[in-house]
Amino acid sequence: MFNATVEGIKLWFYKVIPGLFISFIITGCLNHYVKPNRKIGLIYIILSGILCGFPIGAINCIGMRSELNKSLDNSKNNTQNNKKSMADAKFMNNIIDNIIGYCNITSPSFLINYIYYNLLNKSVNYMKFIVCTYLPVIILLFINITKGYMQERIGRKNESVKLENNIKDGMNDKFITVFDKSLNAAITNSLKLCGYIVIFSCVSALICSFFNNGIITCIICGFIEITNGLYMTSCYMENDSLKYIILMSINAWGGVSTLMQTIGIVGSDNLNIKKYIYQKLMLTLLTLVISSIMIYVL
């Protein structure tokens, strides 16, 4: 257990924090100023989730939904404005609930530096690797956002104007105040992540001590914790094609550890856990299919 704890802390310090800590601060500041309308809000939470990685995608989605709820409270005195705000907020809340699992993925830094260069050792074509990672995300995002628009049947262009006028009461806050709040949140979230990473590092060590079969160990560890699951798969799997497909699938799933980290940071009341798990399973399944096609067909 001692060695597993040390390895967990080293993983957090050397692999997670260098890129994620600054991302916490930057997105924390941006969250204060970005308005949660249809265009800017959706683009922001999708890009920040893809570029910054776990758990920032989920944090930004929940933060955006919180701002939408505030906008509704501010527009209650105006019946017409409230009706328009309600429609916009309902649309965005529905979209966020249906894409949060697809925005909360591994960061490009972890993906390229750890998985591609370290574990795969550039044994797979780089473009195939990128396609297998992001094409399933793009497809599922497109399907769910399109479905949201079709359900709402929105054709009015100026519906979100009233909503924008009633949000972000703190837009005039001094930047140093916003930065300080973002820094405090970054420290808190980073320490929480450290705790979860250490706990699941110990769980992975226990799994390895109980199971001698390499494939079973890879699957169980990959289901439980992403980093150890990826590492064990790269070590134990001898078939390169199968190893690649399993690595990509583990990366898409993210592990129970990532789910627990997300819940611990955003709160269980703010996350529809069943829907989130369903989204991660869909992403894993589609990634498995596309990876198999890329390896065995193309």
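**Cavities and a pocket in an all-helical chain**

Good morning. I begin with a set of residues: F54, W253, G254, G255, V256, T258, L259, Y276, I277 and K280 line the second largest cavity. The model before you is a predicted one, and I shall use this cavity as the way into it.

The volume of the second largest cavity is about 50 Å³. Two elements, α12 (255-266) and α13, each give at least two residues to its lining. The largest share is that of α12, with four residues. By class, the lining of the second largest cavity comprises six nonpolar residues, three polar and one charged.

How many cavities of 30 Å³ or more does a search of the whole structure find? The number is three. The largest cavity has a volume of about 70 Å³. Which elements give two or more residues to the lining of the largest cavity? They are α6 (126-152), α11 (240-253) and α13 (273-296). In full, the residues lining the largest cavity are I105, T106, T133, V137, M248, N251, A252, K280, L283 and T287. Five of these residues are nonpolar, four are polar and one is charged. Please note K280 in particular: this residue is in the lining of the largest cavity and also in that of the second largest.

I turn now to the open spaces. The second largest pocket has a volume of about 430 Å³. Its lining consists of 25 residues, and those nearest the centre of the pocket are K15, V16, F54, S107 and F110. Two or more lining residues come from each of α1 (2-33), α2 (38-52), α5 (108-119), α8 (175-210), α10 (226-236) and α12. The element that gives the most is α1, with six residues. Twelve residues of this pocket lining are nonpolar, eleven are polar and two are charged. F54 links this pocket to my opening: it is one of the residues nearest the pocket centre, and it also lines the second largest cavity.

Finally, the chain as a whole. The chain contains 13 helices and zero strands. Of its 298 residues, 51% count as buried. Among contacts in the chain with a separation of 6 or more, 81% are between residues 24 or more positions apart. The accessible surface of the chain is about 15000 Å², and carbon and sulfur atoms account for 62% of that area.

To close, I would point you back to two residues on the display: K280, in the linings of both the largest and the second largest cavity, and F54, in the linings of the second largest cavity and the second largest pocket. Thank you.

Key:
Residues numbered from 1 in each chain as written. Predicted model: local features only at pLDDT ≥ 70, side-chain atom pairs only at ≥ 80, totals over all residues. Heavy atoms only, no water. 1 Å grid on protein atoms, 1.4 Å probe; cavity = no way out; pocket = protein on both sides within 12 Å on 5 of 7 lines; lining within 4 Å. Points joined across faces, edges and corners; volume = space filled by probe spheres on them. Nonpolar A, V, L, I, M, F, W, Y, C, P; charged D, E, K, R; others polar. Buried < 20%, exposed > 50% of the residue type's maximum accessible area, 1.4 Å probe, protein only. Contact = heavy atoms within 4.5 Å. Areas by Shrake-Rupley, 256 points an atom, 1.4 Å probe, with all protein chains shown as cover.
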